Amino acid sequence: MSTPAILDRKDFDSLLGALRDRGHEVIGPRVRDGAIVYDTVDTAADLPEGWTDEHEGGHYRLKPRTDKALFGYVVGPTSWKKFLFPPQQTVFRATRVDGQLRFEPGVVDDHPRAFLGVRSCELHALAIQDKVFMAGPYADTTYQQRRESVFIIAVNCVEAGATCFCVSMDTGPAVGAGHDLALTEVINAREHYFLVEAGSNRGAELLAAVPHRGATEQEINAARGGVAQAAESMGRKLETEDIRALLLGNLDHPHWDEVADRCLSCANCTLVCPTCFCSSVEDSTSLDGGEAEHTRHWDSCFNQDFSYIAGGSVRASTASRYRQWLTHKLATWYDQFDSSGCVGCGSCITWCPVGIDITAEVAAIRASDQRRGDR
Amino acid sequence: MSAPASQPLDPMIPRQFRIEEAFAEVGSGEVYSWRLSPLDGEPLRFAPGQFNMLYQFGIGEVPISISGDAEAAGLVHTLRAVGGVTKAMQKLEAGEVIGVRGPFGTAWPVAEAEGQDLVLVAGGIGLAPLRPAVYCALRHRDRFNRVFLLYGTRQPEDILFREELEHWRAQLDLDVYVTVDRGGPGWHGNVGVVTKLIARGGFDPANTVAMACGPEVMMRFAVMALQKHGVAAERIYVSMERNMKCAIGYCGHCQYGPHFICKDGPVFRFDTLQPIFDVREL
Amino acid sequence: MDMLAAIKAEPFFEGIPEKELALLADCGEAGTFPTGAWLLRQHAPAKHFYLLTGGLVELKAFVPQRGVVTLETLGVHEPLGWSWLVPPYQWHYDARTLEPTTALVFDAVRLRHEMEADHEFGFQLQRRVIDIMAQRLQAIRMQSLDVYGLPGGAFL
């Protein structure tokens with residue numbers, strides 16, 4: 001890690017300018033439709049200055065802050081995955097020519113992007129999706145193309161949301177790896193600045209191109225203190241000890257049915273989850289029948305069709321689908337990708353319309369562990 | 001034939017194959033087979049037990065096991081008209097072009113049975129994915145001791161590859177036993193479940209490799225019968241089925257506990273599935 | 001043919017003590033039946049217990065309007081019927097050989113008598129018949145699921 005530097009709030013636009021100069025489309029947080037979402041950002045004025053977000057199970061509200069922090073919120077309903085793994089994309093177009101088929105791969109929109117405001121949990125989610133899409137026997141080349149041109153400016157969390165539990169998942173709140181630059185926002189009555197640390201050569205080069213100065217020890221401490229405070233104020237906690245064996249040993253636990261009584265099978269949790277990666281495909285033809293399109297779109301294990309094989313769905317009950325989601329995320333993910341599939345961002349709790357809480361459901365199973373003999 | 005279109009190396013993009021021959025296997029074509037040849041001339045090499053994603057223009061893609069001989073020219077698939085895509089494909093005729101991606105998945109470990117008895121247990125349409133293993137065993141017959149094909153299906157009219165079964169039994173050194181759930185006039189063979197054929201034995205359980213393919217319930221009973229007869233779980237292989245979209249491990253559909261059927265399967269050694277095999281709706 | 005050796009070769013009798021095996025040998029003889037032989041006839045007294053050692057036998061029921069329906073076929077190592085052990089000791093179905101068939105044929109009347117006289121012997125035999133009955137019941141349940149009628153099987 002490089003020597004920490006200070007970027008003043010007034011110079012923030014020069015950071016965005018330097019990114020644009022390097023050909024990046026800057027994507028960052030913006031207020032829209034009563035939420036903080038990620039979209040194209042032109043100047044600092046587009047950022048959610050003075051806004052924060054209030055989280056609870058099934059509850060999300062934007063609230064004005066008493067200060068003018070740019071990154072004074074936690075996480076919104078959209079994660080970065082939609083830019084690397086678009087909700088819908090064309091896999092191929094097929095045309096019929098002289099009794100043959102011509103297959104044309106879909107165009108991949110892989111122009112250079114800069115992600116501004118990536119939280120530590122989200123960085124971990126990116127690393128997890130990298131593994132899913134690029135580390136298997138076959139890589140998803142469309143993801144790979146988009147991913148390779150991304151520049152990442154991470155932001156350390158200095159406040160935790162009420163549904164956050166990154167400390168439990170060991171994924172935050174401090175930014176660890178995978179970023180080009182990491183910012184920590186410090187704001188008080190007298191000053192407003194960002195502690196900037198480069199995580200890559202590209203990051204250091206970018207920093208060199210914007211006005212900055214060396215950080216004093218006091219400034220560094222102020223930034224680190226904020227992050228420590230966030231770690232202390234996690235809204236939720238998930239006990240991960242032995243979690244894989246706990247869940248896989250309780251596949252017949254009655255609690256799955258109990259959750260199913262509340263679960264609407266709406267798939268919100270999988271849509272907001274920054275690591276959920278399932279997709280389906282759909283086929284369509286042009287009106288004259290000459291061209292067909294094979295499109296891929298986000299799918300969810302909560303959809304009944306998801307497990308359909310001739311004759312019926314394998315997972316017909318809501319209980320089995322909730323169990324699939326939760327045990328995949330927290331247990332079988334270890335078998336498949338050597339890590340948890342949960343980064344503790346809390347989005348699934350916040351955006352569940354009935355407030356189903358992954359941390360509470362695991363705790364309920366742990367409290368009445370039905371494994372025989374081994375506990 | 002015009003010059004073949006060059007095919008991208010992307011595993012999500014199909015290659016073109018022409019249906020050289022399309023024929024009914026059962027009844028009026030509820031189960032049918034295709035013999036396919038690649039337009040680009042490059043043969044599709046596969047191992048017994050693997051599958052391809054077959055694409056019909058504008059209709060969609062389906063995962064279908066390869067049912068032909070891995071060591072012969074040509075690609076053979078056997079399909080059952082049961083879903084939207086396979087019903088549409090049933091109407092395709094010789095000469096038409098489809099898309100093929102593959103081959104994908106794990107194979108029947110036929111070589112593992114060398115020097116031992118090989119017991120193939122098929123149920124219903126599950127004989128199709130096992131047929132390449134039969135071909136393989138017959139081509140290298142001297143490498144195995146006894147080779148059994150135990151096949152159960154619903155009724156005599158549904159028996160798949162009937163002439164071939166008779167040929168194998170009569171001409172070749174293969175113990176073929178067929179049983180049906182319901183007999184009928186003119187049927188003089190076995191009536192009863194396929195597990196009974198396992199109980200009749202004839203193979204040395206300690207030196208047997210068994211492979212089962214069919215509906216999940218049938219495989220469950222077959223595995224129980226094999227185990228009861230003394231064949232260890234580490235010597236039993238089964239082929240699993242789940243919904244599948246990408247076939248290369250990232251659409252998430254084919255998950256079965258910790259496994260992705262498309263890349264960790266479809267053929268699994270039974271002991272690796274044992275902890276989850278009886279879990280409902282997994 | 002050495003009856004005792006033939007009995008010992010059958011998995012059905014595995015684990016039965018030597019003394020009882022000798023008794024069984026004394027109650028039975030080897031039988032050979034050509035194709036088309038009737039081994040059991042519906043409602044006839046169940047006077048014999050057949051344990052098949054080769055060939056194939058079909059168990060048949062007559063269903064009005066449908067004719068004769070094959071319920072099941074039985075082959076090597078399989079006992080043919082259990083009505084000899086259950087009152088009123090009458091066969092419920094017909095059984096006919098589909099191919100030349102061999103069997104160990106036991107005198108059921110005498111077996112019943114010996115089983116009554118020596119409950120240990122009776123238990124040994126009865127629990128084996130119960131095992132067979134359980135297997136047949138499981139098989140019938142599996143057939144009633146009609147698994148091949150539903151779509152299933154790998155990828156098809």
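In this predicted model, the side chains of Arg139(B) and Asp69(B) come together in a salt bridge, with a nitrogen-to-oxygen distance of 2.9 Å. Given that the bounds of domain 1 of chain B are 15-104 and those of domain 2 are 110-239, it is useful to ask how many salt bridges are counted between domain 1 of chain B and domain 2 of chain B. The count is one. Polar contacts are tallied separately, and across this interface the rule finds three residue pairs in polar contact, both residues of each pair being at pLDDT 80 or more.

The side of domain 1 of chain B that touches domain 2 of chain B can then be described by the elements that supply it: strand S1 (15-26), strand S2 (31-38) and strand S5 (75-80) of chain B each provide at least two of its residues. Of these contributions, the largest share comes from S5(B), with three residues. Sorted by class, this side of domain 1 of chain B holds seven nonpolar, six polar and four charged residues.

The extent of the interface can be given in several ways. In terms of residues, 17 from domain 1 of chain B are in contact with 15 from domain 2 of chain B. In terms of surface, the size of an interface is often given as the accessible area lost when the parts come together; for domain 1 of chain B and domain 2 of chain B the area buried between them is about 1,200 Å², and 59% of it lies on carbon and sulfur atoms. As for their placement, the C-alpha centres of domain 1 of chain B and domain 2 of chain B are 24 Å apart.

Turning from chain B to aromatic rings, a search of the whole structure finds 38 aromatic pairs over all chains. One of them is formed by Phe277(A) and Phe337(A), whose arrangement is edge-to-face, with 5.9 Å from centre to centre and 90 degrees between the planes. Because Phe277(A) lies in the loop between helix H10 (268-272) and strand S13 (279-285) of chain A, while Phe337(A) belongs to helix H11 (residues 318-337) of chain A, the pair ties together parts that are 60 residues apart in sequence.

Chain C completes the tour. Its secondary structure comes to four helices and eight strands, and along the sequence of chain C these follow the pattern α-α-β-β-β-β-β-β-β-β-α-α. Taken along the principal axes, the C-alpha atoms of chain C fill a box of roughly 55 × 35 × 30 Å.

Key: Residues are numbered from 1 along each chain as its sequence is written. Chains are lettered from A and ligands numbered from 1 in the order in which they are written. This is a predicted model: local features need pLDDT of at least 70, side-chain atom pairs count only at pLDDT 80 or more; totals for chains, interfaces and linings use all residues. Side-chain values use heavy atoms; hydrogens and water are left out. Domain bounds come from an automatic or database domain assignment. Contact means heavy atoms within 4.5 Å. Buried area is the accessible area (1.4 Å probe) that two parts lose on being put together, summed over both. A salt bridge is a side-chain nitrogen of Lys or Arg within 4 Å of a carboxyl oxygen of Asp or Glu. A polar contact is a pair of N or O atoms within 3.5 Å; within protein, one must be able to donate a hydrogen and the other to accept it, and residues adjacent in sequence count only if both atoms are side-chain atoms. Ala, Val, Leu, Ile, Met, Phe, Trp, Tyr, Cys and Pro count as nonpolar, Asp, Glu, Lys and Arg as charged, and the others, Gly among them, as polar. Rings of Phe, Tyr and Trp (its six-membered ring) pair if their centres lie within 6.5 Å; planes under 30 degrees apart count as stacked, over 60 as edge-to-face and the rest as tilted.
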